[in-house]
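Colleague: I am new to this structure. Please take a close look at the salt bridges for me, and then set them against the enclosed spaces and the buried parts.

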Amino acid sequence: MKLRRFLRTMAFAGAGGAAATALGLPVGWLLGATVATVAAALAGLRSRVPNRLRDAAFFFLGIQAGSGVTPEVLTQVHLWPASFAIQLGGVGLVVALTYVFLKRGFGWDRDTALFASIPGALSFVLAAASETRADMTRIVIVQSVRLLLLIGFLTPTLAWLEGGQGAAPFVLEGGTLFQYAILFSVCALAAVAGAASRMPGGLILGALLASAALHGTGIAPVALPRWLAIPSLIVLGALIGGRIEPESRGALARLAPAALGAFVIGLIGSAIAGALAVIALQIEIGKVALAYAPGALEALTVLAYQFDQDPAYVAAHHVVRFLLLALLVPLVARRLPRRLDEAASEAAHDTESSPRQG
């Protein structure tokens with residue numbers, strides 16, 4: 001059963017990627033695979049991607065993204081702290097506006113509205129929300145739709161800004177076996193270390209940093225073979241699309257207005273912060289858009305490489321956002337139950353102290 005589900009998932013995702021590429025869509029292998037997996041889920045078919053295959057895809061995509069980091073793109077590192085500050089201000093704006101929208105516009109309770117408003121860091125959000133009275137279905141739907149729409153929106157937008165489909169940075173197409181041996185072995189060690197550190201996206205970040213060092217120094221400036229890059233993009237698309245499950249179809253339709261509104265608010269809030277960074281810091285709009293987008297580190301880092309938009313800058317911003325949320329979300333989760341208990345105690349006390357009606 002599991003093998004059949006996996007093969008079916010890869011067949012749908014691969015066919016979708018091939019169709020999108022044939023149609024000339026930007027980053028077609030990723031975008032097409034995502035759309036096809038979502039379509040399969042809406043048709044009632046459950047997807048499956050084994051963890052080992054997921055990790056392998058992240059490893060190869062990290063190597064690929066690292067090849068886009070050169071000494072030239074690191075000349076703006078001194079601007080990163082200010083960019084981090086502006087980004088985090090944008091995150092706060094997105095959370096506040098989305099919370100008000102969901103609570104007042106749709107009457108959601110405080111817990112559910114708050115956790116559905118937090119952009120990214122889904123694992124921490126769900127773990128923290130489970131300790132409260134929040135509606136987990138609503139949170140998962142809003143967070144998943146935000147990511148899916150983000151990939152669907154950013155990909156053609158960046159292609160338009162680039163004047164086409166975007167082109168990955170140039171790296172040596174050939175290379176010796178020794179260069180490839182160095183690239184894969186060093187990146188593997190860095191990926192294992194990154195995963196062991198429990199940093200967000202540690203596996204792909206470890207491979208990215210090692211690949212960036214080897215390409216930037218000229219030790220192994222070789223391209224990831226297409227026969228590894230394309231399947232990795234298909235797997236990533238299947239992972240993103242697989243966040244929508246067949247049993248979520250009813251809830252997806254019911255919660256679509258709230259999810260769409262939350263996405264638009266997140267886009268506007270991030271755009272305001274991004275515009276400030278572009279104007280104040282003179283950073284390219286493409287990489288700011290990817291760095292400030294309220295989405296997943298792995299997918300947006302891959303898009304940064306595909307559109308030659310400094311993967312290191314993009315990855316660094318998503319790590320900073322993730323770390324901040326990882327620190328704050330558990331604190332919020334602990335405070336909410338305490339406030340609810342206090343409110344319940346006060347209500348009970350008021351009921352007991354009120355005069356009985358005869």
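Modeller: A residue counts as buried when its relative accessible area is under 20%, as exposed when it is over 50%, and as partly exposed in between. The model is a predicted one.

By that scale, glutamate 284 is partly exposed, because its relative accessibility is 42%. Its salt-bridge partner is lysine 287, and the N to O distance between the two side chains is 3.6 Å. Lysine 287 has a relative accessible area of 5%, so this residue is buried. The bridge therefore joins a partly exposed glutamate to a buried lysine.

Side chains of opposite charge can pair when their charged atoms come close. The structure has six salt bridges by the rule applied here, the pair of glutamate 284 and lysine 287 being one of them.

Another joins aspartate 135 and arginine 138, at 3.5 Å from N to O. Aspartate 135 is partly exposed because its relative accessibility is 30%, and arginine 138, with a relative accessible area of 27%, is partly exposed too. Valine 140 belongs to helix H7. Its relative accessible area is 26%, which means that valine 140 is also partly exposed. The C-alpha atom of valine 140 lies 8.2 Å from that of leucine 122, a residue 18 positions away along the chain.

A further bridge connects arginine 46 with glutamate 245, whose closest N and O atoms are 3.8 Å apart. Arginine 46 sits in the loop between H2 and H3, while glutamate 245 sits in the loop between H10 and H11, so this pair ties together parts that are 199 residues apart in sequence. Both ends fall in the middle class: arginine 46 is partly exposed because its relative accessibility is 32%, and glutamate 245 because its value is 34%. The pair also belongs to a network of salt bridges that links Arg46, Glu245 and Glu247.

Arg46 leads on to the enclosed spaces. There are two cavities of 30 Å³ or more, and Arg46 is among the residues that line the second largest. That cavity has a volume of about 40 Å³, and the rest of its lining consists of Arg8, Thr9, Phe12, Thr37, Ala40, Leu45 and Ser47. Helices H1 (2–22) and H2 (28–42) each give at least two residues to this lining, and H1 has the largest share, with three. By class, the lining has three nonpolar, three polar and two charged residues.

The largest cavity holds about 60 Å³. Gln87, Gly90, Val91, Val94, Ser270, Ala273, Tyr292, Pro294 and Arg321 form its lining. Helices H4 (80–105) and H11 (249–281) supply at least two residues each, with H4 giving the largest share, four. Five of the lining residues are nonpolar, three are polar and one is charged.

The largest pocket has a volume of about 1,200 Å³. Of its 44 lining residues, Arg54, Phe58, Arg243, Ala296 and Glu298 lie nearest the centre. Several helices give two or more residues to this lining, including H3 (51–66), H7 (136–161) and H13 (297–306). The lining divides into 24 nonpolar, eleven polar and nine charged residues.

How many residues of H13 are buried? The count is ten of ten, so by the cut-off of under 20% relative accessible area the helix is mostly covered. Among these buried residues are Glu298, Leu300 and Tyr305. Glu298 is thus one of the residues nearest the centre of the largest pocket and also a buried member of H13. Just after this helix, aspartate 308 has a positive phi of about 55°.

In soluble globular proteins, nonpolar side chains tend to be buried together. In this model the largest nonpolar core has 98 residues, and Phe115 and Leu300 are the members that touch the most others. A second core, separate from that one, has ten residues, including Phe6, Val49, Ile230 and Ile234.

To return to your request, the bridge between arginine 46 and glutamate 245 joins two loops, and arginine 46 also helps to line the second largest cavity.

Conventions. Residues numbered from 1 in each chain as written. Predicted model: local features only at pLDDT ≥ 70, side-chain atom pairs only at ≥ 80, totals over all residues. Heavy atoms only, no water. 1 Å grid on protein atoms, 1.4 Å probe; cavity = no way out; pocket = protein on both sides within 12 Å on 5 of 7 lines; lining within 4 Å. Points joined across faces, edges and corners; volume = space filled by probe spheres on them. Nonpolar A, V, L, I, M, F, W, Y, C, P; charged D, E, K, R; others polar. Buried < 20%, exposed > 50% of the residue type's maximum accessible area, 1.4 Å probe, protein only. Core = buried A, V, L, I, M, F, W, Y, C linked by side-chain atoms within 4.5 Å. Salt bridge = Lys/Arg side-chain N within 4 Å of Asp/Glu carboxyl O.
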